[in-house]
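Open the model in a viewer that can select by chain and residue number. The stops below go through empty spaces, then helix contacts, then a single side chain.

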Amino acid sequence: MERIDRVSAAAHRIRHHALNMGEVQGQGYVGQALGAADILATVYSDQLRFRADDPAWEGRDRFLLSTGHYAIGHYAALAEAGIVPVEELESYGSDDSRLPMSGMSTYTPGMEISGGSLGHGLAIAVGMALGLRQQGSTARVFNFLSDGELDEGSTWEAAMGAHHHQLGMLTAMVDINALQADGKTDTVLRTEPVTEKWEAFGWYTQRVDGNDVGALLAAFDNAAAQAAAVGRPSVILCDTKVGRGVPLLEEREKAHFMRIEEHEWQLCREQLSAGFNGKAER
Amino acid sequence: MSTTLKAPKLKTSAMIASFADPGQKTASAPFGHALVKAAEADPRIVGLTADLGKYTDMHIFAKAFPERFFQMGMAEQLLFGAAAGMAETGLVPFASTYSVFAARRAYDFLCLDIAEPNLNVNIVGGLPGLTTGYGPSHQATEDMAIFRGMPNLTIVDPCDSVDIEQAVPQLAASEGPTYLRLLRGNVPTVLDEYDYTFELGKAKVLRGGNDVVFVSSGLMTMRALQAAEALAAHNVDVAVVHAPTIKPFDAETVLAEVNTDRLAVTLENHSVVGGLFETVASAVVTAGLGKRVVPVALPDEFLDAGALPTLHEKYGLSVQRIVAKVLAELG
C-alpha cells in the first residue's frame with residue numbers, strides 16, 4: 001500500500017501542476033494530462049531510472065513522449081521528478097520558455113524526442129533500443145503513445161520492427177481515452193480490437209484501468225519481468241478518463257482541446273484536492 | 001515498296017541499369033566497400049536498410065559487420081525513425097533505400113526525427129534522377145528539390161566511384177545529417193584522371209576552357225567531361241566545374257567561374273525545378289550578377305519508362321544532346 005500511496009500522491013501533484021499550467025494559457029490539453037497523470041506518475045516515481053541533476057546521464061532509461069500535445073502532463077511529471085523546477089512550470093507556452101506547447105527535445109531537459117507529428121515515437125524507440133543494446137547498455141526504453149496514434153501506419157511498422165528485433169527492453173504504453181481531435185475514436189477511425197492487434201503483432205500485451213495505480217504498478221512489473229525473460233516488447237494498454245480527478249471536467253462534453261473559464265480553474269483545483277483527500281481519508 | 005532496316009529496340013533491362021559506357025573503367029560497389037573501410041576505423045558506424053540491402057550495396061557492409069547491420073524491412077518510416085533513435089544513443093547510422101522512398105515516403109521522419117535535432121544520420125538514396133527505366137515510381141527526379149528545403153541537411157550528388165569512396169568517411173565525420181545520391185553496382189571511375197579530391201562542401205574546377213563553363217554534379221559531371229572533349233573537336237574550349245555538394249553550396253568557387261564572358265551551362269541528373277540549376281541561379285541573383293545560365297536538366301514532367309540510353313537521349317542528358325545544345329547556344 002505504501003508504494004501505491006506514494007505513486008498516487010505523485011499523480012495528485014502532477015494533476016495540480018497541470019491545472020496550474022493550463023490556467024497560464026487559459027485552455028489546452030488539460031483533460032489529457034489529468035487522464036494520463038497516473039501513468040506518468042507510475043513511470044516517473046516507480047519505474048524509470050534517471051538522475052534528476054543529470055538528465056542526459058548515459059545510463060538512464062529513456063521515456064519518449066510521441067504525443068507532443070501531452071507535454072503539459074509530461075512537464076508536470078518532469079517537475080515531480082525534480083528535472084524541471086516547479087516554479088518554471090508557470091512559463092508553460094510563453095515566449096522564451098523551455099516548456100513549449102508541443103514537446104520538443106531541443107527545448108526541455110528530460111524531453112528525449114520532439115513528438116507532435118504523431119506516429120514517430122515508437123519508430124525512434126525501436127532505434128534507441130537497438131542502439132542501446134548494440135552498445136551493451138541495460139537501459140530500458142519507454143514510449144508513451146495515444147490511441148489516436150494507432151491510426152498512423154508508422155506505429156505498426158515500428159510494432160513489427162520491435163517484435164522482429166526482439167526488443168524486450170522496450171515498453172510501450174497506450175493512453176486509450178477514446179478521444180481524438182475530430183471526436184470519439186470509434187467515430188474517427190475504429191482502432192478496436194486494440195488488444196488483439198498488439199497480440200497479433202507479437203507483443204506481450206496487458207490492458208488495464210489506466211487510472212488505477214495498483215493495476216498500473218502490477219502491469220509495469222509484469223512487463224519488466226516478462227519482456228526481459230522472453231525478449232518480447234511489452235505494451236500496456238491503459239483505459240483512461242479524460243479530465244480524471246476533476247468531476248467538473250470529467251462530466252464536460254469531451255473535447256480534445258478543452259476550454260475552461262477563468263473562474264473555473266480554482267474550482268477545478270478544489271475538486272481535485274477534495275477528491276484526493278477524501279480518498280486518502282478512506 | 002521499299003524496305004527500311006529498323007534498329008532493334010533497346011530493352012529496359014534490370015531496375016538498376018548501368019550508365020557506364022562500354023569498356024569504361026568501373027569499380028564494384030564503391031559505397032559498400034567505403035562504408036566497411038570507414039566502419040573499421042569508427043566503431044560508431046552502423047548500417048540499416050529497408051529491404052534494399054542488395055540494391056544499395058549495403059550488403060557488402062552487412063556481410064563484413066553482421067552485428068552492426070540492421071534490416072528494418074520494407075518500412076521506410078521505421079527505417080529513418082529508428083536511425084534517429086540509434087543516433088540519439090551515440091551511433092552513426094547509414095540508412096539506405098531508394099531515393100524516391102526516402103524523399104517522398106519518409107520525409108516527415110527525416111525532417112522531424114533527424115534534421116530538426118541535427119543528428120548524424122546519413123541517408124543513402126539509390127536510383128537518383130534518371131538511373132532506372134522503371135518509370136516515375138522509381139525515378140527520383142525531384143529528390144533534391146524536396147530535400148533542399150530541409151534545414152540542416154547536407155546534400156551530396158557524387159559523380160563516380162572516386163567521389164563515393166572519398167565522400168563516405170567525410171559524411172560520417174560531419175556532425176549533422178547528410179543525403180547521398182547513391183550510384184551503385186559497377187560505378188564508373190572518372191575523376192582519378194584529374195587532379196581532384198572530394199571535399200565536403202567544395203566545388204572543384206576539373207578543367208579550364210575559354211568559351212564555355214559547365215557547372216555539373218552527379219553523373220552529369222562524367223557527361224560534362226565527355227561533352228567537353230567532343231566540343232573540342234568543334235573548336236569549342238570548355239571548362240568543367242564539379243559541384244558534388246548541392247547544399248551547403250560552394251557559391252564562391254562556382255560564381256568565380258560563372259561570372260565571366262563564357263557561356264554558362266549547368267548539368268544535372270535531376271528535374272530543372274529545384275536542383276543544381278536553381279541553386280546556381282539563386283547564387284547568381286543573390287550576388288547581383290546579370291548572368292544568363294543555360295540548364296541541361298530533366299524536364300518538369302513524369303518521365304517515360306524504357307531503356308536508359310534511350311531515355312537519356314530523349315531527355316537531353318546524353319553527350320550528343322549536350323554538344324548539340326551548346327553548339328546551338330553559341331550559334
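Some terms come before the first stop. On a 1 Å grid over the protein atoms alone, a cavity is a set of points where a 1.4 Å probe fits but cannot get out, while a pocket is an open set with protein on both sides within 12 Å along at least five of seven lines; a lining residue has an atom within 4 Å of a point. Points are joined across faces, edges and corners, and a volume is the space filled by probe spheres set on the points.

This is a predicted model, in which local features need pLDDT of at least 70 and side-chain atom pairs count only at pLDDT 80 or more, whereas totals for chains, interfaces and linings use all residues. Residues are numbered from 1 along each chain as its sequence is written, chains are lettered from A and ligands numbered from 1 in the order in which they are written, and side-chain values use heavy atoms, with hydrogens and water left out.

**Cavities**

How many cavities of 30 Å³ or more does a search of the whole structure find? The search finds three.

Select A:Tyr44, A:Leu48, A:Phe50, A:Pro55, A:Arg60, A:Asp61, A:Arg62, A:Phe63, A:Ile83, A:Gly110 and A:Glu112, which line the largest cavity. Its volume is about 90 Å³. The lining has six nonpolar, one polar and four charged residues. In these classes Ala, Val, Leu, Ile, Met, Phe, Trp, Tyr, Cys and Pro are nonpolar, Asp, Glu, Lys and Arg are charged, and the others, Gly among them, are polar.

The second largest cavity has a volume of about 60 Å³. For its lining, select A:Ser105, A:Ile113, A:Ser114 and A:Ile124 together with B:Ala84, B:Glu88, B:Leu112, B:Asp113, B:Glu116, B:Pro117 and B:Leu119. Helix H3 (76-88) and helix H5 (107-115) of chain B are the elements that give two or more residues to this lining. Helices (H or I, at least four residues) and strands (E, at least two) are DSSP runs, numbered from the N terminus.

**Pockets**

Go next to A:Ser8, A:Asp38, A:Val213, A:Phe276 and A:Lys279, which lie nearest the centre of the largest pocket among its 20 lining residues. About 520 Å³ of space lies in this pocket. Which helix gives the most to the lining of the largest pocket? H1(A) does, with seven residues. The lining is made up of eight nonpolar, six polar and six charged residues.

The second largest pocket has a volume of about 260 Å³. Of its 16 lining residues, B:Ser18, B:Phe19, B:Ala20, B:Leu308 and B:Pro309 are the closest to its centre. Helix H11 (residues 308-314) of chain B gives the most to this lining, with three residues.

**Helix contacts**

Show helix H1 (residues 2-25) and helix H3 (residues 71-80) of chain A, whose axes come within 8 Å and cross at roughly 125°. H1(A) is therefore oblique to H3(A). Axes are lines fitted to C-alpha atoms, for helices over the stretch in contact, and angles run from 0 to 180 degrees between N-to-C directions. Angles under 35 degrees count as roughly parallel, over 145 as roughly antiparallel, 65 to 115 as roughly perpendicular and the rest as oblique.

Now add helix H2 (residues 30-47) of chain A, which packs on H1(A) at an angle of about 140° with the axes 8 Å apart. That angle makes H1(A) oblique to H2(A). Residues in this contact (heavy atoms within 4.5 Å) include A:Val7, A:Ala10 and A:Ile14 of H1(A) and A:Ala33, A:Leu34 and A:Ala37 of H2(A). By class, the contact has 12 nonpolar, four polar and five charged residues.

For a contact between chains, select helix H4 (residues 121-134) of chain A and H3(B), whose axes come within 6 Å and cross at roughly 45°. These two helices are therefore oblique to each other. Among the residues that touch are A:Ile124, A:Gly127 and A:Gly131 of H4(A) and B:Leu78, B:Gly81 and B:Gly85 of H3(B). The contact divides into eight nonpolar, five polar and one charged.

**A single side chain**

Finish at A:Trp57, in the loop between H2 and strand E2 (62-65) of chain A. Leaving out residues up to four places away in sequence, A:Trp57 touches A:Arg49, A:Phe50 and A:Arg51. A:Phe50 also appears in the lining of the largest cavity.
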